[in-house]
Amino acid sequence: MLKLSCNVTDHLHNFFSDSRRIFVPVHRRTGPISCFQLKKEPLRAILSADHGNSSLRVADSVSVTSPADRLRFGRLMADGFSYKEKFIVRSYEVGINKTATVETIANLLQEVACNHVQKVGFSTDGFATTLTMRKLHLIWVTARMHIEIYKYPAWSDVVEIETWCQSEGRIGTRRDWILKDCATGEVIGRATSKWVMMNQDTRRLQRVTDEVRDEYLVFCPREPRLAFPEENNNSLKKIPKLEDPAQYSMLGLKPRRADLDMNQHVNNVTYIGWVLESIPQEIIDTHELKVITLDYRRECQQDDIVDSLTTSETPNEAVSKLTGTNGSTTSSKQEHNESQFLHILRLSENGQEINRGRTQWRKKSSR
């Protein structure tokens, strides 16, 4: 998936500074959860011509089932706005703790999002582009990603992920996710993302036209629905720029060929891995990632060399309130057991900022 180029960074910062506060084709193969015959479901969006103008409309009479549909354990909900899919955590998706890695979680979020837009009939060439967008060479690019993980699923656990999208201002959309443990129904994670529209040729942001808006709003909830409805939640927090000198660093990171997506650009999950490369080892040994927020500010190409810088950030009073305990004894205990860091990814050659982030870590529970 394409990231934001350098000439749109300031515009994007201004656009999101007062709004509620986000991924990218990734390489993951899904498989069946159980073997049974799935019912054919109607294709929700088809193209129609009306007085020479092409548009999307909902169709109930068209039924299309592919081999992937028969094997994929996902479905549109009754309202037609949200999509749910179940995934089993594979052995190659877990880390040293035998639980899914944050990269696995990120891959699953993108997979279910891609399957959602495919289910309603949008193009997967350019990720959820409408007919008008393809005609005008417009694409969606990730602006922000925020993930909170309350409990990591273990090897062979089954996770159900629900996702939906909705409008976000005149140049953007947002997509939210809720993750549940299928065995217990417990919410184990939430995530939200911001996307903006960019002209693929000029690399400049473009406002969402009424024509494009009409094409995708038919598949969005009529009333705002947020994965993080809480006031002043973590997903809204701005990320300050990390200034030199950084406390920790990992220099000279280079994209592998396997890190490139179908657009020949570094994918989202690689950025997450690079951020974590400069986390001190003692944190990795004793803590697990609780929250990660990334702001995408510039594209990264295959030949770029990247530096990952990290500095500890002392949680302030606002962060304490976000724990939901309002300064209680439990809140103080949580602060003692948690660590927070600021991150920046930048080009080694000229120091240009690629990505900035914030992570929060909690002490590992005894097993």
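In this predicted model, Tyr271, Trp274 and Tyr296 form one aromatic cluster. The structure holds three aromatic pairs, and the two pairs that involve tyrosine 271 are set out below.

| Aromatic pair | Geometry | Centre to centre | Angle between planes |
|---|---|---|---|
| Tyrosine 271 and tryptophan 274 | edge-to-face | 5.8 Å | 65° |
| Tyrosine 271 and tyrosine 296 | edge-to-face | 5.6 Å | 90° |

Tyrosine 271 and tryptophan 274 both belong to helix α6, which covers residues 268-277, and they are three residues apart, about one turn of the helix. An α-helix has 3.6 residues a turn, so residues three or four places apart point the same way. The pair of tyrosine 271 with tyrosine 296, by contrast, links distant parts of the chain: tyrosine 271 is in helix α6, whereas tyrosine 296 is in strand β10 (residues 287-296), 25 residues apart.

The burial of these residues can be stated for each in turn. Tyrosine 271 has a relative accessible area of 0% and is therefore buried. Tyrosine 296 has a relative accessible area of 1%, so it too counts as buried. Tryptophan 274 is likewise buried.

The helix that carries tyrosine 271 and tryptophan 274 is itself largely enclosed by the rest of the structure, because nine of the 10 residues of α6 are buried. The buried residues of α6 are Asn268, Val269, Thr270, Tyr271, Ile272, Gly273, Trp274, Val275 and Leu276. At the N-terminal end of α6, asparagine 267 acts as a cap, with a side-chain oxygen 3.0 Å from the backbone nitrogen of valine 269.

A further element with extensive burial is strand β8 (residues 187-199): 12 of its 13 residues are buried, so the strand is largely enclosed by the rest of the structure. Strand β8 pairs with both β5 and β7. Strand β5 (residues 138-149) runs antiparallel to β8 and is joined to it by 11 bridges; within this pairing, isoleucine 147 has alanine 191 of β8 as its bridge partner. Strand β7 (residues 172-181) is also antiparallel to β8, with nine bridges between the two, and here aspartate 176 stands opposite threonine 192 in β8. β7 and β8 form a hairpin with five residues between them, and glycine 185 in the turn has a positive phi of about 80°.

One contact between a charged side chain and an aromatic ring may be added. Arginine 225 lies over the face of tryptophan 164, at a distance of 3.7 Å from the ring centre.

Key:
Residues numbered from 1 in each chain as written. Predicted model: local features only at pLDDT ≥ 70, side-chain atom pairs only at ≥ 80, totals over all residues. Heavy atoms only, no water. Phe/Tyr/Trp six-rings, centres within 6.5 Å; stacked < 30°, edge-to-face > 60°. Helix = DSSP H or I, 4+ residues; strand = E, 2+ residues; numbered from the N terminus. Buried < 20%, exposed > 50% of the residue type's maximum accessible area, 1.4 Å probe, protein only. Lys NZ or Arg CZ within 6 Å of the ring centre and 35° of its normal. Polar contact = N/O pair within 3.5 Å; in protein donor to acceptor, adjacent residues only side chain to side chain. Pairing = 2+ DSSP bridges.
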